[in-house]
Amino acid sequence: MAIRYGTEEWVKAACEATNKSQAYKEAAKNWEGDMYFIVEPEGTLKEKIIMYFDLYHGECRAASVVKDEAEKTPAYRFWAPLGIWRQILEKKLDPVQAMMTGKLNLKGDMAQIMRMPKAAVELVNCMLTFETEFPE
Amino acid sequence: MWYFVAPEVVYGRDAITRLSQLQGKLAFIVTDTNMVKLGFVDKVKEQLSQAGIESTVFDAVEPDPSVETVEKGMAEINKCKPDWIVAVGGGSVMDAAKGMSAGYERPDVRVEEINPFTPLGPRTKAKLVCIPTTSGTGAEATWGMVLTITAERRKGSFGCRDCTPDIAIVDPEFALAMPPGLTAQTGMDVLTHAVEGFTSTWKNDFSDGLLLRAIQIVFQYLPRAYKNGQDWEAREKMHNAACIAGIGFINSMCALAHACAHSLGGVFHVPHGRAVGLFLPYTIEFIGDAREELWAEIAYAIKRDVPVGKKAAPILAQTIRELARNVGEPLSIKELGIPQDDFDNSLAKLVDNAMMDFQLVTTARAPNAEETEKFFRYVYDGKSIDF
């Protein structure tokens with residue numbers, strides 16, 4: 001059954017899928033840093049969705065939906081309109097190309113991101129292991 | 001949405017005279033001592049002086065340049081404040097110059113932080129001219145720079161589109177001094193850029209034609225340039241091919257051969273072109289079916305028959321091994337003279353470095369860590385990939 005994108009249930013499913021992925025574990029074995037995935041309003045989505053993931057050495061240690069950006073101070077922030085996140089999760093848009101063309105914005109230690117681009121790709125792959133229902 | 005970026009390219013004999021048309025006051029020439037000895041730097045200075053541009057020379061770029069060298073150059077640039085930065089040399093020199101140029105423009109950004117996701121903005125202080133003296137890296141046309149992080153014994157890839165040189169001067173006279181070994185290595189670099197760019201996951205319509213043409217030129221002219229360095233036609237064609245492949249691959253990226261070569265080069269200081277050329281046939285075999293139609297397209301472009309019922313990947317891999325052998329290049333890591341013990345002791349580092357390389361992201365079939373280790377072992381022994 002499809003899980004609605006951006007809900008508490010969805011972030012937990014994504015976290016669980018990440019912890020099951022050997023490919024992610026390998027690609028992100030040196031990754032240190034928690035992050036926000038911020039979904040900007042678009043279409044019927046009227047309010048920002050903020051998803052928090054604590055990713056550390058290939059594992060997802062915690063994940064939750066956050067109401068206010070000020071609630072946590074993650075090392076990385078990725079933000080884009082809903083349509084871009086959807087294209088990435090539907091494999092219509094390469095996440096690295098999305099970052100290079102400025103469609104997916106990010107803030108954080110770029111040197112670390114540059115050293116682990118495969119981790120980004122594998123993280124997306126984890127999120128594809130379960131069915132997602134997007135807000136229209 | 002995607003971009004296609006390229007510098008102004010001035011090519012052919014006497015292309016160097018483009019320097020005499022520049023407007024400015026001071027040029028900062030980035031080079032190495034060998035280029036000075038060969039008289040190339042004097043030729044550049046002469047053209048610049050015709051334009052009324054004075055020049056100052058930084059000739060301390062080493063092979064596989066380090067971030068520290070780039071920082072030293074930046075310090076010199078900041079002292080003299082040029083309006084042109086002119087790189088004269090091979091890939092190492094041009095990559096170092098790109099780093100210096102970026103650091104001069106944006107002193108608030110560390111070189112190791114320059115990444116494809118954060119634009120630096122256009123150059124306002126000094127424009128960058130690259131004059132290649134090898135026919136290989138295509139660095140005169142690309143925004144990427146490979147620099148050594150000495151403390152970590154690895155090479156890192158940095159850059160963003162704004163690091164693309166403003167002008168590439170592709171004058172074959174500057175390639176004539178290459179000895180046969182260097183001609184071969186750099187030629188294999190061109191081929192690897194072209195084959196990997198044509199088959200990467202980011203391949204695109206704008207790059208494809210350039211890359212296929214570069215492959216054809218390499219097969220036709222590399223053996224000639226290798227056998228007779230004074231063969232002007234072959235030199236010119238290979239010099240053009242390097243730049244063409246550079247423009248092509250920087251817009252479509254490379255793949256596994258580059259990831260492994262960066263890793264090997266960082267640990268054992270194998271020249272870049274030699275390393276990528278060595279890994280190329282194994283990469284084709286490993287990617288195999290994931291790009292079968294494209295291997296066949298390449299085979300067709302170089303008039304290599306793929307019999308009905310046969311796969312193109314092993315045929316193309318074998319064809320490339322034959323070319324490499326014809327120009328005296330090694331076909332295994334063992335042939336590089338790296339002892340088995342040293343290789344075994346460094347294998348974990350080699351795998352780790354390769355797994356962190358950006359080029360793995362654009363590989364049509366990317367290996368996991370276990371497969372990467374096996375891949376390195378096969379390449380060490382010169383054994384065709386069968387997994």
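This passage describes chain B of a predicted model, from its overall layout down to single residues.

The confidence scores come first. Chain B has a mean pLDDT of 96, with 100% of its residues at 70 or more. For the model as a whole, ipTM is 0.86 and pTM is 0.93. Chain B meets chain A through 16 of its own residues, which are in contact with 18 residues of chain A. On the chain B side of this contact, 11 residues are nonpolar, 3 are polar and 2 are charged.

Chain B itself is divided into two parts, domain 1 covering 8–175 and domain 2 covering 180–381. The C-alpha centres of domain 1 and domain 2 of chain B are 25 Å apart. Across the boundary between them, 27 residues of domain 1 of chain B are in contact with 29 residues of domain 2 of chain B. On the domain 1 side, the elements that give two or more residues are strands S1 (8–11), S6 (145–149), S7 (154–158) and S8 (167–170) of chain B. The largest share of that side comes from S7(B), with 3 residues. Sorted by class, the side of domain 1 of chain B that touches domain 2 of chain B holds 11 nonpolar, 11 polar and 5 charged residues.

The nonpolar interior offers another view of the two domains. The largest nonpolar core has 168 residues, and the members that touch the most others are Val30(B), Ala194(B) and Ala214(B). Helix H6 of chain B, residues 205–227, gives the most to this core, namely 11 residues. Domain 1 (8–175) and domain 2 (180–381) of chain B each supply at least three residues to the core. For Val30(B), the contacts beyond four places in sequence are Phe58(B), Val61(B), Gly73(B), Ile85(B), Ala87(B), Val93(B), Ala96(B), Ala97(B) and Met100(B).

Helix H2 of chain B, residues 40–50, is a helpful element to look at in detail. Its buried residues include Phe40(B), Val41(B), Val44(B), Lys45(B), Gln47(B) and Leu48(B). Viewed down the axis of H2(B), the buried residues fall within an arc of 165 degrees, so they line one face of the helix. The cover over these buried residues includes strand S2 (26–30), helix H1 (33–37), strand S3 (54–58), strand S4 (84–89) and strand S5 (127–132) of chain B. After H2(B) comes Gly52(B), which has a positive phi near 75 degrees.

Positive phi values also turn up in residues that are not glycine. Lys81(B) is one of these, with a phi of about 50 degrees. This lysine sits in the loop between helix H3 (67–80) and S4 of chain B. Because 12 other C-beta atoms lie within 10 Å of its own, Lys81(B) is exposed, the cut-off for that class being 12 or fewer. Met253(B), likewise not a glycine, has a positive phi near 75 degrees. Its place is the loop between helix H7 (232–250) and helix H8 (256–268) of chain B. With 24 C-beta neighbours inside 10 Å, Met253(B) counts as buried, since 20 or more are needed for that class.

Two isoleucines complete the picture. Ile302(B) lies in the loop between helix H10 (292–301) and H11 of chain B. This residue has 16 other C-beta atoms within 10 Å and is therefore partly exposed. Setting aside residues up to four places away in sequence, Ile302(B) touches Ile215(B), Gln216(B) and Phe219(B). Ile302(B) and Thr31(B) are 271 residues apart along the chain, and their C-alpha atoms are separated by 36 Å.

Ile315(B), in turn, belongs to helix H11 of chain B, residues 312–326. There are 19 other C-beta atoms within 10 Å of Ile315(B), so this residue is partly exposed; a buried residue would need 20 or more. Leaving out residues up to four places away in sequence, the contacts of Ile315(B) are Ala299(B), Arg304(B), Val306(B) and Lys310(B). Thr363(B) is 48 residues from Ile315(B) in sequence, and the two are 20 Å apart in space, C-alpha to C-alpha.

Technical notes
Residues numbered from 1 in each chain as written. Chains lettered and ligands numbered in written order. Predicted model: local features only at pLDDT ≥ 70, side-chain atom pairs only at ≥ 80, totals over all residues. Contact = placed C-beta atoms within 7 Å. Nonpolar A, V, L, I, M, F, W, Y, C, P; charged D, E, K, R; others polar. Domains from an automatic or database assignment. Helix = DSSP H or I, 4+ residues; strand = E, 2+ residues; numbered from the N terminus. pLDDT = per-residue confidence, 0-100. Arc of directions from axis to C-beta. Core = buried A, V, L, I, M, F, W, Y, C linked by C-beta atoms within 7 Å.
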